[in-house]
Amino acid sequence: MIHEIKLETHLAPAELTVHVGDEVRWANHRTLAALIDIPGLKSEMLSCQRGFTNLFGSPRELTELDPNESASLCFDRPIVISYNARMRSAAPGGMQIEPGTIRVVAPAQ
């Protein structure tokens with residue numbers, strides 16, 4: 001199953017519960033770029049990834065999404081992931097930070 005997190009004025013949804021193996025997709029619906037920052041992201045947590053790899057194919061904790069771009073991850077075990085969406089903004093300071101949480105639970109039986 002695919003679960004989409006929309007980066008708009010805010011994260012929608014900011015909290016998400018998924019099953020092991022489900023795809024979590026971040027989609028930037030804004031007119032400015034956004035950064036997804038997932039501290040501690042490791043390859044052994046993942047069963048799939050798109051847009052979160054470096055030149056060597058290893059996962060990276062930070063990825064940038066231009067407008068209308070998306071990136072996704074699938075987690076291979078129950079875990080709680082906290083992350084930040086750092087969205088560029090025309091407001092003073094130039095950056096809006098939105099925290100998010102993904103709860104990965106055991107696969108549906």
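**Note on the predicted all-strand chain**

1. Of the 109 residues in the protein chain, 38% count as buried, where buried means under 20% relative accessible area with a 1.4 Å probe and protein chains only. This is a predicted model, in which local features need pLDDT of at least 70 and side-chain atom pairs count only at pLDDT 80 or more, while totals for chains, interfaces and linings use all residues. Residues are numbered from 1 along each chain as its sequence is written, and side-chain values use heavy atoms, leaving out hydrogens and water.

2. The protein chain has zero helices and ten strands, with helices (H or I, at least four residues) and strands (E, at least two) taken as DSSP runs numbered from the N terminus.

3. The C-alpha trace of the protein chain spans about 45 × 30 × 20 Å along its principal axes.

4. The largest nonpolar core, a set of buried Ala, Val, Leu, Ile, Met, Phe, Trp, Tyr and Cys residues joined through side-chain atoms within 4.5 Å, has 25 residues, and those with the most contacts inside it are W26, I36, I38, F75 and I102. At least two residues of this core come from each of β1 (2-7), β3 (15-19), β4 (23-28), β5 (34-37), β8 (70-75), β9 (79-88) and β10 (95-105), and β9 gives the largest share, four residues.

5. Leaving aside neighbours within four places in sequence, I38 is in contact (heavy atoms within 4.5 Å) with W26, F52, E61, L73, I81, S82 and Y83. Among contacts in the protein chain between residues at least 6 apart in sequence, 60% join residues at least 24 apart.

Conventions. Buried < 20%, exposed > 50% of the residue type's maximum accessible area, 1.4 Å probe, protein only.
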